[in-house]
Amino acid sequence: MNDKFYITTPIYYPSNKFTLGNCYTTVICDAIARFNRFQGKDVFFLTGTDEHGQKISLSASKQGKSEKEYLDEMIADAKALWAMLGISYDKFIRTTDSYHEKSVQKIFKTLYDKGYIYKSEYEGLYCTPCESFWTESQLVDGKCPDCGREVIPQKEEAYFFKLSSFTDKLLTLYKENPQFLQPQSRVNEMINNFLKPGLSDLCVSRTSVKWGIPVDFDPKHTVYVWIDALTNYINALGYNSEDDSLFKKFWPANVHMVGKEIVRFHAIIWPALLMALDLPLPERIFAHGWMLFGGDKLSKSKTTGSVECIDPRILVPEYSADAVRYILLREIPFGSDGNYTTEIFLNRFNSDLVNNFGNLVSRTLSMLKKYFGSVVPKHYVAKETDDIELQANVLKETDNVFKVMKDFDVSKALISIFNIFSLANTYIQKVEPWTIAKDENQKERLSIVITNLLESIRIGTTLLASFLPECSGKVLEALNLDKNALFANLDNFYGIEEGKEILPIAILFPRLDINAEFEKLARIMAP
Ligand code: MSP
């Protein structure tokens with residue numbers, strides 16, 4: 001078995017503060033990284049920022065700052081946000097890091113020397129005040145999409161990458177390795193919309209963009225967008241540097257997680273660049289859907305339905321990192337789009353975190369205290385149908401978590417984990433431990449029932465720990481399990497030693513008064 005696992009988020013543009021939408025990709029990757037660490041794999045989880053280009057210069061100058069000053073502040077804010085959300089990345093790459101810049105220059109030169117990059121002329125529609133080129137399809141009402149002013153056709157000298165010469169190789173890649181890009185619908189999109197019509201060469205340098213990595217053998221050019229951005233995935237591992245041990249160990253990536261709008265760059269340009277560099281291709285690219293905010297009463301831009309939404313920096317201190325992680329991971333069917341509204345967030349908090357998970361833990365621990373003085377009872381083999389069925393159903397959901405996580409399906413994994421908690425809650429209602437407790441002759445059965453509940457909590461919470469690390473950590477701590485072998489007993493109901501004392505824990509999630517919370521958030525967010 002290959003026990004290394006390399007996972008990446010896209011590198012984010014710090015031209016605005018990161019939104020709840022940006023948190024989505026990062027939280028998914030964090031859950032997958034943690035899950036793989038629990039499986040004993042050697043994980044490398046990369047994230048970072050994409051810091052070059054006109055937009056960054058513009059954002060900096062709007063604030064009267066130099067690019068560096070502006071970026072340092074934005075990156076500090078991004079890192080604070082990731083810390084707030086418990087993101088366990090192993091490395092944060094900034095494309096302004098000097099090791100990255102040097103490697104990008106070397107890669108550009110290598111591709112030029114190999115004949116994959118040539119000099120020509122770029123023709124586009126230019127917005128003079130924004131100093132930006134646009135294509136016809138990017139214009140809004142025929143005007144610059146950023147400032148709404150006139151654009152004029154303009155030419156400039158530029159280097160091009162011979163992307164067109166990779167059309168057939170990429171078609172072969174998708175034919176021979178349909179797993180390369182997921183979900184499958186994206187493969188059809190790449191083949192039918194881009195590969196079958198034939199690829200055009202790609203403009204990879206600009207003379208009009210000053211904030212970028214200079215092409216070292218022709219410094220009036222800066223490297224334009226994709227060679228700079230995409231190669232972060234190998235440069236972060238030390239590709240082209242003196243110490244490339246991480247590169248040797250972790251490349252090729254096991255998965256690049258990307259939003260659906262940047263699939264084409266990852267599924268076409270990136271493999272072509274790697275082929276040109278004679279490097280192995282990533283194992284998988286996964287295109288996830290978008291979290292849409294249009295329906296949220298608290299959304300600042302209801303009309304666009306896109307990124308403007310309630311700030312995660314407000315939600316986390318109010319409701320916990322786990323609550324925010326939960327809504328992101330649970331509410332969007334993995335691979336599709338999903339809606340976020342404040343109502344959905346608050347309702348899920350109450351129904352899933354408070355009523356299902358939190359309630360199960362507090363009910364079980366108080367019964368353990370009442371009937372067994374908080375000491376784990378003796379283990380017996382289950383004989384009653386209800387007891388056997390609970391065990392079988394919990395183990396079935398557990399198997400399902402592992403099955404769906406092979407395809408990184410975090411939302412289905414969470415559904416199965418919360419099914420475990422629901423199964424246990426339903427079991428309590430059905431077997432009525434309080435009735436069994438009244439019968440002196442049913443001591444053994446009471447032990448079985450309470451153990452069944454404790455074990456369902458142990459199994460469910462162990463699985464949950466990758467997704468909601470904070471609340472799971474509290475429960476696992478109380479159960480006092482061997483942290484290095486948490487995944488060891490997920491196929492049986494004998495993971496907690498008998499005779500061990502388990503102390504009750506504080507309430508995991510307080511029940512919310514939805515109306516009051518809604519009003520509070522509206523007040524906090526009022527301009
Ligand atoms: N810099 C490029 C990526 C280069 S990767 C070599 C970029 N950056 S971005 O900041 O605009 O977006 C990065 C990612 O944020 C998107 O791929 C997407 O995954 C995520 N999201 C931003 N808003 C989102 C939602 N509303 N919902 C889900 N994810 C979205 O593109």
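This tour of a predicted model goes through strand β12 and its partners, then the second largest pocket.

**Strand β12.** Select residues 285–288, which form strand β12. Show the side chains and look at each face in turn. In a regular strand, side chains alternate between the two faces of the sheet. On one side of β12 are Ile285 and Ala287, and on the other are Phe286 and His288. These four residues are all buried, so both faces of the strand are covered.

**Partner β7.** Add residues 181–182, strand β7, to the selection. This strand pairs with β12 in the parallel sense, over two bridges. To find the register, pick leucine 181, which stands opposite isoleucine 285 of β12.

**Partner β11.** Now add residues 255–259, strand β11. Here too the pairing with β12 is parallel, and it runs over four bridges. Pick valine 258 in this case: its bridge partner in β12 is alanine 287, one of the buried residues seen at the start.

**The crossover.** Select residues 263–276, helix α10. Together with β11 and β12, this helix makes a β-α-β unit, and the unit is right-handed.

**The second largest pocket.** Move on to Lys41, Arg284, Met405, Lys406 and Phe408. Among the 13 lining residues of the second largest pocket, these lie nearest its centre. The pocket has a volume of about 270 Å³. Colour helices α1 (20–38) and α14 (385–405) next: these are the elements that give two or more residues to its lining. By residue class, the lining divides into five nonpolar, four polar and four charged residues.

Note on methods. Residues are numbered from 1 along each chain as its sequence is written. This is a predicted model: local features need pLDDT of at least 70, side-chain atom pairs count only at pLDDT 80 or more; totals for chains, interfaces and linings use all residues. Side-chain values use heavy atoms; hydrogens and water are left out. Buried means under 20% relative accessible area, exposed over 50%, partly exposed in between (1.4 Å probe, protein chains only). Two strands pair if DSSP finds at least two bridges between them. A crossover is right-handed if, with the strands pointing away from the viewer, the path from the first strand over the helix to the second runs clockwise. On a 1 Å grid over the protein atoms alone, a cavity is a set of points where a 1.4 Å probe fits but cannot get out, and a pocket is an open set with protein on both sides within 12 Å along at least five of seven lines; lining residues have an atom within 4 Å of a point. Grid points are joined across faces, edges and corners, and a volume is the space filled by probe spheres set on the points. Ala, Val, Leu, Ile, Met, Phe, Trp, Tyr, Cys and Pro count as nonpolar, Asp, Glu, Lys and Arg as charged, and the others, Gly among them, as polar.
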